[in-house]
Every structure is written in C-alpha cells, then in structure tokens.
Amino acid sequence: MFDTRLLTLLPDLASFILVVEEGSFTAAAKQLGVTPSALSKLVTRLEKSLSTKLFERTTRSLIITPTGQQVYDQAIVMVNAARQAVDLSSSDHREPTGPLVVAAPEAFLNSVLQPFVAPFLKAYPDIQLKLRAADGEIDLLRDRIDIAFKLTDKPDENLVLKEMGKTHLQLCASPDYLSAHGVPTHPTELANHSCLYLAETDKDHVWDFFKEDEYHSVAVSGRYAVNHSQMRLNGVKQGIGIGIFHDFVIADAIECGEVIAVLPEWTIKSNYHGAVAMQYPQTKYMPARLRAFIDYVSDALKEKLAR
C-alpha cells in the first residue's frame with residue numbers, strides 16, 4: 001500500500017541532496033530560487049519527519065552526519081530512479097542526445113579513451129560528454145556516473161559488466177638510464193636504483209613481484225614521485241629512473257624504443273590490474289546516448305587493447 005507521507009518527503013529529500021552537493025544552504029537556495037532560511041527550515045522539517053539529525057550546523061560549516069550520509073545515499077538512488085522515469089517519456093531512448101558522464105582511472109582516460117573523444121563527439125553531435133578522472137572506488141549512483149571503466153579482477157557484481165580486455169603493470173626505463181646504471185636482473189636489485197612511483201599512499205613505494213612460486217616485496221626509492229602517469233613516463237624517458245606503468249601507457253614508447261621493458265618476466269601485484277571492465281547500472285530502458293557510447297568505444301578499443 002502506498003505511504004502518503006512520501007508525497008511530502010520526496011521533494012524535501014531532493015532539496016536535501018542539493019544542500020549536500022552544494023555544501024551550504026546559501027548555495028543550494030540560490031539554485032532553488034528560495035531563501036537560505038526557508039531551505040534550512042525545510043531540512044529541519046525533514047529531520048523531524050525522519051526522527052534523525054542530518055547535519056551538524058555551526059556558524060561557519062555544515063557537516064553531514066553519518067546517518068545523514070546514509071539518507072543521502074538512499075535519496076540519490078531515488079533521484080536516479082526518477083531520472084530514468086523522465087527519460088522514458090523523452091526522446092533519449094530514440095535518439096542519442098543529452099549528457100553522458102563517464103569515469104575512468106587517470107592513466108586509462110589519458111592513454112586509451114582520450115584519442116576517441118573528438119571522433120565520438122563528431123559522430124554524435126547531440127551528446128554532451130563529461131569525462132571524470134577517478135582513481136580508487138567509484139560509486140555510479142552516488143556520483144551520478146553513467147559508465148565507469150575499472151582496472152580490476154573484482155568488478156562490481158551489482159553492475160552490468162563488459163570486459164574490454166586485460167591489463168598488467170610493467171617496469172621500464174630509458175636506454176640511457178640502463179646504459180649508465182645497469183639493467184636489473186632481479187626485483188631485489190631495484191632497491192639500488194632510482195625509481196619513480198605514485199606517492200599517493202605510504203605503500204606506493206613498495207612493489208610486489210611474483211614469478212611462479214617466487215615472491216618478493218621491494219621497497220624502492222627515488223628523487224621523483226608523481227601520481228600522473230604521463231608526467232611519470234616523461235621522467236622515465238628523460239633518464240630519471242625506472243618507472244611502473246600499465247601496459248597501455250608505455251606500449252607506444254616501447255615500440256619506438258624510447259623506453260625498454262625491465263624485468264618483463266615478473267608479474268607485479270597491484271590494486272589496479274586484471275580486466276579492463278566497462279560497467280554501468282542495469283536498466284531495462286537504456287538511453288540511446290548510453291548505447292551509442294558503449295558500441296562506439298567497444299569497437300574502438302578492440303584493436304587498442306589487443307596490442
């Protein structure tokens with residue numbers, strides 16, 4: 001049986017989402033065309049209806065509570081469901097038109113997807129493509145993302161999976177560096193070399209290597225660390241040291257001899273390896289813009305990832 005209380009809660013929840021995303025009552029009120037005090041009273045009414053505190057308010061900040069975060073996560077699901085309902089009555093399912101948000105790790109976005117952006121937009125002039133560099137966990141519903149590319153051997157079981165290929169990590173260095181410092185023949189020798197790593201976490205300088213039943217964890221060091229794959233690759237090309245990359249990042253550089261693969265017979269363990277997974281929410285009514293992107297990129301990546 002339909003709960004009539006939802007009729008008043010639904011618009012209040014939608015306004016609550018906007019306050020969270022804008023970070024203040026003032027900014028959200030401007031979007032809605034109401035006063036900040038009116039919006040604050042609306043949220044207070046929502047808190048009373050839900051019998052829970054959604055925000056910690058101070059004179060200078062607005063901090064969402066743990067329960068408020070849970071309410072927000074569920075409310076986002078509601079808004080996305082409403083968006084799908086609106087889409088059903090629009091031309092979105094007949095013609096590839098409208099906004100499309102795609103997220104991918106920075107290295108994959110820059111090295112693999114970027115070359116296909118202009119041709120795709122030329123082929124589909126009515127689609128507005130938004131790309132987000134997103135390393136780490138991606139929540140499609142919460143972050144309002146239509147499609148996410150993940151480099152993982154553990155894809156999200158709640159999403160549709162389309163595997164685009166496989167990827168692995170590889171070490172490389174410039175010919176000049178290896179000529180001057182020698183070619184490592186075993187992972188443990190990397191401790192005596194200058195290495196370039198991400199420096200995002202305290203463990204990024206620890207590289208784990210596997211070959212058959214042999215395992216080595218090596219703490220590397222170097223004078224240059226950067227969490228941007230192309231900048232790191234440029235450093236390797238310029239002879240700063242040995243770097244670690246996904247195969248698709250260094251394929252061209254290896255092919256033309258700018259860098260040389262190091263310890264290629266070893267497998268490097270990482271949180272970002274395995275399948276190149278394209279994932280999106282399960283839906284019975286897929287917008288034409290989503291189908292257009294999936295088909296276009298699937299065809300375009302076949303040759304790129306098969307190298």
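This passage describes a four-stranded sheet, the helices that lie on it, and two buried residues, Thr-167 and Arg-232. The model is predicted, so that local features need pLDDT of at least 70 and side-chain atom pairs count only at pLDDT 80 or more, whereas totals for chains, interfaces and linings use all residues. Residues are numbered from 1 along each chain as its sequence is written, and side-chain values use heavy atoms, with hydrogens and water left out.

The sheet is open and has the strand order E8-E11-E7-E12, with mixed pairing; strands (E, at least two residues) and helices (H or I, at least four) are DSSP runs numbered from the N terminus, and two strands pair if DSSP finds at least two bridges between them. Its edges are formed by strand E8 (195-196) and by E12, each of which pairs on one side only. Strand E7 (residues 169-173) is joined to strand E11 (residues 242-246) by four bridges in the antiparallel sense, with Gln-170 partnered by Phe-245 and Leu-171 by Ile-244. Three bridges, also antiparallel, connect E7 to strand E12 (residues 260-262), where Ala-173 stands opposite Ile-260.

Five of the five residues of E7 are buried, that is, under 20% relative accessible area with a 1.4 Å probe and protein chains only (exposed is over 50%, partly exposed in between). Both faces of the strand are covered, with Leu-169, Leu-171 and Ala-173 on one side and Gln-170 and Cys-172 on the other. Helix H9 (residues 247-255) packs on the sheet and touches E7, E11 and E12, its direction making about 120 degrees with that of E11, while H8 lies across E7, E8 and E11 at about 145 degrees to E11; axes are lines fitted to C-alpha atoms, for helices over the stretch in contact, and angles run from 0 to 180 degrees between N-to-C directions.

Arg-232, in helix H8 (residues 229-237), is buried yet has no salt bridge, and the nearest side chain of opposite charge, Glu-106, is 6.0 Å away. A salt bridge requires a side-chain nitrogen of Lys or Arg within 4 Å of a carboxyl oxygen of Asp or Glu; Lys and Arg count as positive and Asp and Glu as negative, with His and the chain ends not counted. The side chain of Arg-232 instead reaches the backbone oxygen of Ile-244 at 3.4 Å.

Thr-167, in strand E6 (residues 160-167), counts as buried because its relative accessibility is 6%. Its side chain makes polar contacts (N or O atoms within 3.5 Å, one able to donate a hydrogen and the other to accept it within protein, residues adjacent in sequence counting only if both atoms are side-chain atoms) with the side chains of His-246 at 3.1 Å and Asp-247 at 2.8 Å.

Methods: Contact means heavy atoms within 4.5 Å.
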